[in-house]
Each structure stands twice: as structure tokens, then as C-alpha cells.
Amino acid sequence: MAIKRDAADKWFSDVVRLKNESVCEHCGKHGRQECAHIYGRAAKSVRWSLDNAVCLCHYCHRTFTANPLDFSRWCMEYLGPVSYTHLTLPTICSV
């Protein structure tokens, strides 16, 4: 079952894209990008945390969605092990 997207989700997505000037954080493509959550919106403890989202182009977002292990590896490298682990802890504790 899909998590309902509300006004706060729309605002959050806009902020993530604005923060990164609509540049894909993976490939560097400019233009209309998407907000990609590292931990999905169901993870309430980090749902609207800017540390939990990256700005990705449609292609990178779909590629990472289809390959979650690649996305996890890229996030670990991109964020660094300390930030990635810090982001993971609240998610694990909220389960």
C-alpha cells in the first residue's frame, strides 16, 4: 500500500530540489529533478529530514529504485560512513 503524499511531502520535495539547484547529485544532469528518499516516507523518524533525501534525475532515481544495493553503496560513499550510519540509527530504532 502506498504512503499518501500530503502538502508537507510536496514542500519537502521542493526544498530538496531547490537546495541542490535541480542538479542530479549522482550524474550532475541539470533540469527538472526528483526528490529521492534514502529511507522511504514510511520511516517516520527521517521522513522530512534533509539528510534522508537526495536530488536525482528521473533516470538515476529509477535506476537506483530498481537496484537498492547500488543505491545503498552510493549513499554510503556520497554521504560518508558516519553520516550514513547516523541516518540509519533512528530508522532502525523506530522499527
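**Helix α2 and its surroundings**

Let's start with packing. The buried residues of α2 pack against three elements: β1 (34-37), β2 (53-56) and α3 (68-79). Keep in mind that this is a predicted model.

Which residues of α2 are buried? In this helix, residues 58-66, they are Cys60, His61 and Phe64. Look down the axis of α2. The buried residues fall within an arc of 100°, so they line one face of the helix. The general background is simple. An α-helix has 3.6 residues a turn, so residues three or four places apart point the same way.

Now turn α2 around. What sits on the face turned away from the buried side? There you find Tyr59, Thr65 and Ala66, and these residues are exposed.

Next, the strands. β1 and β2 pair with each other. The sense is antiparallel, and there are four bridges. Take one residue as an example: Cys35 has Cys55, in β2, as its bridge partner.

Stay with Cys55. Together with Ala53, Cys55 covers one side of β2. Val54 and Leu56 are on the other side. All four are buried, so to speak of β2 is to speak of a strand with both faces covered.

Last stop, helix α1. Asp9 lies in this helix, which spans residues 7-19. Is Asp9 buried or exposed? Buried: its relative accessibility is 4%, and the cut-off for buried is under 20%. What does Asp9 touch? Leaving aside residues up to four places away in sequence, the contacts are Lys4, Arg41, Arg47 and Trp48.

Methods:
Residues are numbered from 1 along each chain as its sequence is written. This is a predicted model: local features need pLDDT of at least 70, side-chain atom pairs count only at pLDDT 80 or more; totals for chains, interfaces and linings use all residues. Side-chain values use heavy atoms; hydrogens and water are left out. Helices (H or I, at least four residues) and strands (E, at least two) are DSSP runs, numbered from the N terminus. Buried means under 20% relative accessible area, exposed over 50%, partly exposed in between (1.4 Å probe, protein chains only). Contact means heavy atoms within 4.5 Å. The arc is that of the directions from the helix axis to the C-beta atoms. Two strands pair if DSSP finds at least two bridges between them.
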